[in-house]
Amino acid sequence: PPPSDSCNGIFLSYNYTGGHAIPPTDPTNQAYRFESTLTVLNNGRHELKSWRAFVGFRHQELLVSASNAVLADGSSFPAEVGNGTVLAGFPISDLKSAVETAGDRAQMEVRVGLVGTQFGVGAPDVPMPLNISLVNDGYSCLNATNEGNNVMHVCCIQDDLNSDSNNGVNDEFLARQEGDLVIMYDVIRAYSDNYWAQVSISIHNPLGRLDKWQLSFDWMREEFIYAMRGAYPYVVDTTDCIFGRQGQHYKEMDFSQVLNCERRPTIVDLPPTRANDSILGRIPFCCRNGTILPPLMDPSKSISSFNMQVYKMPPDLNTTELVPPQNWKIKGTMNPEYECGSPIRVTPSQFPDPSGLPSATASIASWQVVCNITQSKQAVPRCCVSYSAFFNDSAIPCNTCACGCNSNPSQTCSATEPALLLRPDALLIPFENRTAEALSWADIKRRSVPNPLPCGDNCGVSINWHLLSDHKDGWTARITLFNWGDSSFEDWFAAVQLDKAVPGFEEVYTFNGSKLLGSNNTLFMQGRPGLNYLLAETDGAKPKKDPRVPGTQQSVISFKKKSTPGIKVAAGDGFPTKVLFNGEECALPTRLPSKAPMVSGRSSVFGFLTLALLLLMQ
């Protein structure tokens, strides 16, 4: 009997069917085409909703196509999957059980044809994955078994066989899931050839945020966007419709009124001036320039919403044929990265009756896309942190190339040399104007200077953490935010992780600050009314002579030692182990200030007074 017969759960198999070398010829790292089939078979008692399977690719694979599936992380093909990937069912995402279908294998099984490129494994060797497994919640997989050199299979069993009704019939929809960011795709009106969808984006993570969000997705059935309210396409383009099947089918349609025909459109928010526009606006939670705040800052601003009219194509010209877009991605300007899963069908959303009656209106169909904050290895920070302390008159600036450098930095600077120590007041000067200060300070401190000098940090925002005092009963720190960019930050926030000090937190004096709810090591800070703007960099008083001046915000933070016995503030416990600005994690220095002898007390006091005076002038 086939191996699947002995599996009373979800049976997965991976079958390598062939491949061959492809150009260019490279004996050290030859590229090969591979073709394989992933099979998912439901031999369990209950229906499998929104199946997702992991394939442990390990040969630098580039997946070019997958039939009957999409990449669960929202990536589009071709995609690099050399560290493994999760596939999600599309267009058929649910697999019925034999009990429900009288053993109809066509409804119980899906076969995913995989085509891609792998490197280094040629005949007679076979580029098999490391393992395969089902990643749906509530299932546990046995160890995968190899059959010959080209087949791998595994059986995954439901953890709680009684979790569903005894007759084997599941609820129609999956339970809604939690995530750092949730996108709802609700069909609110449906017709035979088009429908209106409401798209809502909500932040759930207390440190999540989006500024000037851009949302993109893939249409899978040749759909196109006819009209929108509350948002707009980044590019208005109807070329693909006019020269494609859409133009042939909708011959009487005026495509000059159509907004977008791209297979992967990008949607952006509207400015506040369009909120009451009779054509584009008048949608709740729209038109905020793409800003979505964490709920602890303002729950009413933690959601963004828009409507769009979507036209369908044959053979989907039926009111009930509703297919959500796939491969969702969302990003902001200086915010954390989000990785989004595949849409899952959930219970219809309910909305307050627009007429004001005490009733709710349900959507026709609803899908949920869950996105979580991720940190890719290739991600480059967009903010950085500098350190300084009362016991050392040198400030440790942001790391060299903290926010990236050109792949080929010019010969005038080094991307590998550590940043030169500075007088604290020099942190107020743009990097391109610091050279004289850095060289002068190195000469005073008798430090050698590399040639070429280190490159700058290239960050749009930097944060200085200064250890201000340390005494028997408590200690203080001062945090200063610098904006070196051309755009101001409205409703900014910062979060500082101090592994041992937060239980002793007492007060933030200039900002609104508190311990982050649910955390014992993180402080959350935001500007008070009137101080919630971190202004952009501006010209100096004499632009032809003076350097540009960053926008700044500053506050002192006090701590008590009673709740943190044994804390060693100057030795490191008084310095952050993680700093975030608007949800983006900032690059930290690789060293801490040491208790080195100062040039003089007068020099140190002068430096810090200058810093304070310059800040007060902003």
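In the predicted model, the second largest pocket encloses about 700 Å³ of space. Its lining comprises 30 residues, and those closest to the pocket centre are Ile 188, Gln 198, Pro 284, Phe 351 and Pro 352. Five strands each contribute at least two residues to this lining, namely β13 (181–190), β14 (194–203), β19 (303–311), β23 (350–352) and β24 (360–362). The greatest contribution is that of β13, which supplies five residues. By residue class, the lining of the second largest pocket divides into twelve nonpolar, twelve polar and six charged residues.

The chain that carries this pocket contains seven helices and 40 strands. Its C-alpha trace extends over about 90 × 65 × 55 Å along the principal axes. Of the 618 residues in the chain, 50% are buried. Among contacts between residues at least 6 apart in sequence, 71% join residues at least 24 apart.

With respect to the interior, the largest nonpolar core has 38 residues, and the most contacts inside this core are made by Trp 465, Ile 479, Ile 557 and Phe 581. When residues up to four places away in sequence are not counted, Trp 465 touches Ser 386, Tyr 387, Ser 388, Ala 477, Arg 478, Ile 479, Val 496, Leu 498, Ile 557, Gly 574, Phe 575 and Pro 576. A second core, separate from the largest, has 33 residues, including Tyr 195, Leu 210, Leu 322 and Tyr 338.

Helix α5 spans residues 435–444, and within this helix Ala 438, Trp 441 and Ala 442 are buried. These three residues lie on the same side of α5, because the arc that they cover around the axis is only 100°. Ala 436 and Asp 443, by contrast, are exposed on the other side of the helix. Just after α5, Arg 446 adopts a positive phi of about 55°. This residue is located in the loop between α5 and β29 (453–454). Arg 446 has a relative accessibility of 75% and therefore counts as exposed.

Further backbone features were identified in loops. Most residues other than glycine have a negative phi, and most peptide bonds are trans. Ser 50, which is not a glycine, nevertheless has a positive phi of about 50°. The loop between β2 (31–42) and β3 (52–55) contains Ser 50. The relative accessible area of Ser 50 is 12%, so this residue is buried.

Two cis peptide bonds that precede proline may also be noted. The bond from Phe 90 to Pro 91 has omega near 5°, and Pro 91 is placed in the loop between β7 (85–89) and α1 (98–101). In the bond that joins Ala 123 and Pro 124, omega is about 10°. Pro 124 belongs to the loop between β8 (109–119) and β9 (132–134).

Arg 263 occupies the loop between α4 (245–249) and β18 (266–269). Apart from residues up to four places away in sequence, Arg 263 touches Phe 217, Asp 218, Trp 219, Met 220 and Asp 240. The C-alpha atoms of Arg 263 and Ser 93 are 21 Å apart in space, and the two residues are separated by 170 positions in sequence.

Terms used: Residues numbered from 1 in each chain as written. Predicted model: local features only at pLDDT ≥ 70, side-chain atom pairs only at ≥ 80, totals over all residues. Heavy atoms only, no water. Buried < 20%, exposed > 50% of the residue type's maximum accessible area, 1.4 Å probe, protein only. Helix = DSSP H or I, 4+ residues; strand = E, 2+ residues; numbered from the N terminus. Arc of directions from axis to C-beta. Core = buried A, V, L, I, M, F, W, Y, C linked by side-chain atoms within 4.5 Å. Contact = heavy atoms within 4.5 Å. 1 Å grid on protein atoms, 1.4 Å probe; cavity = no way out; pocket = protein on both sides within 12 Å on 5 of 7 lines; lining within 4 Å. Points joined across faces, edges and corners; volume = space filled by probe spheres on them. Nonpolar A, V, L, I, M, F, W, Y, C, P; charged D, E, K, R; others polar.
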